[in-house]
Amino acid sequence: MRRTDGELILWWTLPVLLIIWLAAFLMFPGFRPPMAPAMPADDVAAFYRDNTSRVQYSMILFNWFGAGLLPMLMLIAMQIRRMAHSTPILRYCVISCAAGGPTLFLVGNLFWLIAAFRPERAPELTQLLNDLAWIAFTAGVPFLIAQSVFLALAIFLDDQPQAVFGRWVAYVNLAVAAALAPASFAALAHDGPLAWNGLLSFWVKNIAIFGWIIIMGVVLGQTIRRQRAQERVAA
Amino acid sequence: MSARWRDNPKRELWFAWWTTVVFYQIFGLVFFVITRTQPPPSPGWDAARIVQWFNDNHTGLLVGFAIMFLITGMVAPANALIAYSMRRMSVSPAFGYAYLVMYALSAVPGMLLLCIALSVGAMRPDRTPELIAWIYDFAFLTYIGTMGVFLLGSLVWMAAILLDKNRVFPKWFGYLNLCNALTEVVVSPAWLFHRGVFAWNGLIAWWIDMVVFVTYTAVFIVQLRRLIQREDFETGPLPDLAGATG
Amino acid sequence: MRHRLLIAWAVLCALTLGYLWLDHSADGHGGLRASTVVTTAAIVIALVKVRIIFREFMEVRHAPVLLCRLTDASIAIMAVSLLGSYFAGVALG
Amino acid sequence: MTGTETRREQRHRFVPGQPDMWAFVLFETLLFTSYFAVYLFNRARNEELYLQSQAHLELWVGVLNTIVLLTSSWSIARCVQAARAGGYRAALGNAFLTAGLGAVFLVCKVVEWVRQFRMGNTLTTNDFFMHYFFLTGLHCLHLLIGFVVLGMIVYQLRSPARRSQTLVETCATYWHTVDFLWVLIFAMLYVVR
């Protein structure tokens, strides 16, 4: 019995997912450039009136694939299982975080879709839905931060000659966690780097997420290949 | 110092335990002191009073919930440790996994929706009072009115403890889980009342339940500590790959 | 010893029926009236019944002294807090 | 288990069932005491309303309910004694009698609730009915859990391989708790003036 059967298929969903996410990201007019929190309510309402269908199509796409990262997170959990730990605690920690990130993203996604459903409503209402969507999307980082930290810790504690992941992966994860942290303070500012369209809360955060997916994807691909090669030799 | 910590076979357990303790301290600090959302303000207030409440706590709400957005992931080690306690019992692993996923799910409706809504409410004080009142209801009703996951989670833990033959936890703690589950039922009238003892800030639906919840939390933190202390891993080197726990 | 349970049951039922008499005598003074005597009596009778259930049905009679003390203490706590909160309410009414 | 059994033969003092169950009994007692205290305090401050609403309840229904539940408690106590003496058939019969009386109580309760709904009294009608439906509803939930517990007694008694006196006694202790909580609730809601 090979426990790794199918893992490569799950892994190959990753580049597909990345392309879809990138397409949806570029299609959503609110991200290019990110909408300003300081936008008056009438402008927000006008934005949804003018861009209704692009908001809807991009967010429907995000709704389909918002939870698409879960297979990759489970592949990571399977690798943590191979690490030389004395308990499954850190694997459970990563599993426990896995669903939180997509759920928070989907909360934001739903508010965007609701906002676009009846753009002719009172502008204050559209602004409220828009605020809820942006705060859920931007500040919804707690589980992403935590899973990077737990993964880093798991790698540090993996005491074996042939470690599952290299040490540098742990440092990358800590750096990503640090890059995501400022986004939790997005509600405090209407402009500047902390605001939800700012350098830290938007650009650094989202680039860190994309970067994390790419780096972890590559590392995971190599690790799975190596593991399969070892199993083939053993068999 | 750090080398000694790394060699401790219980290091992951202690990490999870200390994270749990620190999380509940910060949680208490944010909700009781910084944001003043506990004890909860009244559901009976009119829109003007609610707007005033947002104005009074403006900075506290924004800063407090920013802290929550930063650290909420710390609930994961608590869930993981409790799930692990069930893996030590003589029951199916399904109990541990059910608890793990249930409590992982609970953080979003049970707390983060409140954090999002109250942050949104506080960031624009110039909204019309009706909208602010809507945000207020949305926040507190989702936070206090999310019952089922905690109810079923406690029952899963209870069943595991009562069925367990390894004596991981004392049986009375299993029964205490039932008491905690029943308080989640007692919360439910909060959906029906704007005032009185069953409202979301009421004497029965909030204060008495809070006493039970704090007792329960304190007890399970102590019990988890005992579990870790009793855990008898070999004191030698870490188990190798083949011995790693499945 | 089987009769002991039966006697306990009969006493409990008699006390329950006693409530009917208590209620009837309270009505005797005409219409609905709040009555401190009835309230106090109802609470005390209920606690006596609880103690009988503890000792006879739940076999606290045969239990170690600690459990006897604990159950008696819990009945005392009930008596104090129920009567206390009632009279506090009357006083503050 | 056998150790406990022999100690009992020597007529030593013993805790019926798992001592841990008593933590639940005492904790629930404290919780219900706090609910009653809140009720009595609010009642004493607004006696007229509570008296008017209380007049909608039938005292004799409450008395009947109490006697039914007291009888069920008596039969489960007999069940424990029979099981201890090895009379498992008698014990099983008493357990079924208890469950039947519990079901009678449940039906009475539902009929009473329906009657109140017909009269237009619900949880949100006024403060008295708020407490009435809360306390009777929460008690009813304990009763429903009680049926699961009785099921465990029957499960234990049916097979010679399983018969654990400790577990039977623990379950019986739970059922008595349901009983004495009702004794208190009955006094609070129906009799107190």
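**Exercise 1. Work out which residues of helix α3 (residues 47-56) of chain B are buried, and where they sit on the helix.**

Keep in mind that this is a predicted model.

Step 1. Pick out the buried positions: in α3(B) these are Ile50(B), Val51(B) and Phe54(B).

Step 2. Look down the axis of α3(B): the buried residues fall within an arc of 100°, so they line one face of the helix. The general rule behind this is that an α-helix has 3.6 residues a turn, so residues three or four places apart point the same way.

Step 3. Flip to the face turned away from the buried side, and you'll meet the exposed residues Ala48(B), Gln52(B), Asn55(B) and Asp56(B).

Step 4. Find the packing partners: the buried residues of α3(B) pack against α4 (58-71), α6 (93-123) and α7 (129-145) of chain B.

**Exercise 2. Describe how helix α4 (residues 70-81) and helix α10 (residues 199-234) of chain A pack.**

Step 1. Get the geometry: the two helices pack at about 50°, and their axes are 11 Å apart.

Step 2. Classify the angle. It falls outside the parallel, antiparallel and perpendicular ranges, since those are under 35, over 145 and 65 to 115 degrees; α4(A) and α10(A) are therefore oblique to each other.

Step 3. Add the handedness: α4(A) and α10(A) cross in a left-handed way.

Step 4. List who does the touching. From α4(A) come Met72(A), Leu75(A), Ile76(A) and Gln79(A), while α10(A) supplies Met216(A), Gly217(A), Leu220(A) and Thr223(A). Sorted by type, that's five nonpolar, three polar and no charged.

**Exercise 3. Say which chains touch, starting from chain A and chain B.**

Step 1. Count the contact: 38 residues of chain A meet 42 residues of chain B.

Step 2. See what chain A brings along. The elements giving two or more residues to its side are α5 (89-98), α6 (100-117), α7 (123-139) and α8 (142-156). By type, this side of chain A splits into 26 nonpolar, eight polar and four charged.

Step 3. Check chain C. Chain A and chain C don't touch, with their nearest C-alpha atoms 39 Å apart. Chain B and chain C don't touch either, and there the nearest C-alpha atoms are 14 Å apart.

**Exercise 4. Decide whether Ala34(C) is buried, exposed or partly exposed, and find its neighbours.**

Step 1. Locate Ala34(C): the loop between α1 (2-27) and α2 (36-57) of chain C.

Step 2. Count neighbours: because 17 other C-beta atoms lie within 10 Å, Ala34(C) is partly exposed.

Step 3. Look for contacts: leaving out residues up to four places away in sequence, Ala34(C) touches Glu47(D), Leu51(D) and Arg193(D).

Notes: Residues are numbered from 1 along each chain as its sequence is written. Chains are lettered from A and ligands numbered from 1 in the order in which they are written. This is a predicted model: local features need pLDDT of at least 70, side-chain atom pairs count only at pLDDT 80 or more; totals for chains, interfaces and linings use all residues. Two residues are in contact if their C-beta atoms, placed from the backbone, lie within 7 Å. Helices (H or I, at least four residues) and strands (E, at least two) are DSSP runs, numbered from the N terminus. Axes are lines fitted to C-alpha atoms, for helices over the stretch in contact, and angles run from 0 to 180 degrees between N-to-C directions. A crossing is left-handed if the near helix is turned anticlockwise from the far one by less than a right angle, and right-handed if clockwise. Ala, Val, Leu, Ile, Met, Phe, Trp, Tyr, Cys and Pro count as nonpolar, Asp, Glu, Lys and Arg as charged, and the others, Gly among them, as polar. A residue is buried if 20 or more other C-beta atoms lie within 10 Å of its own, exposed if 12 or fewer, and partly exposed in between; C-beta atoms are placed from the backbone. The arc is that of the directions from the helix axis to the C-beta atoms.
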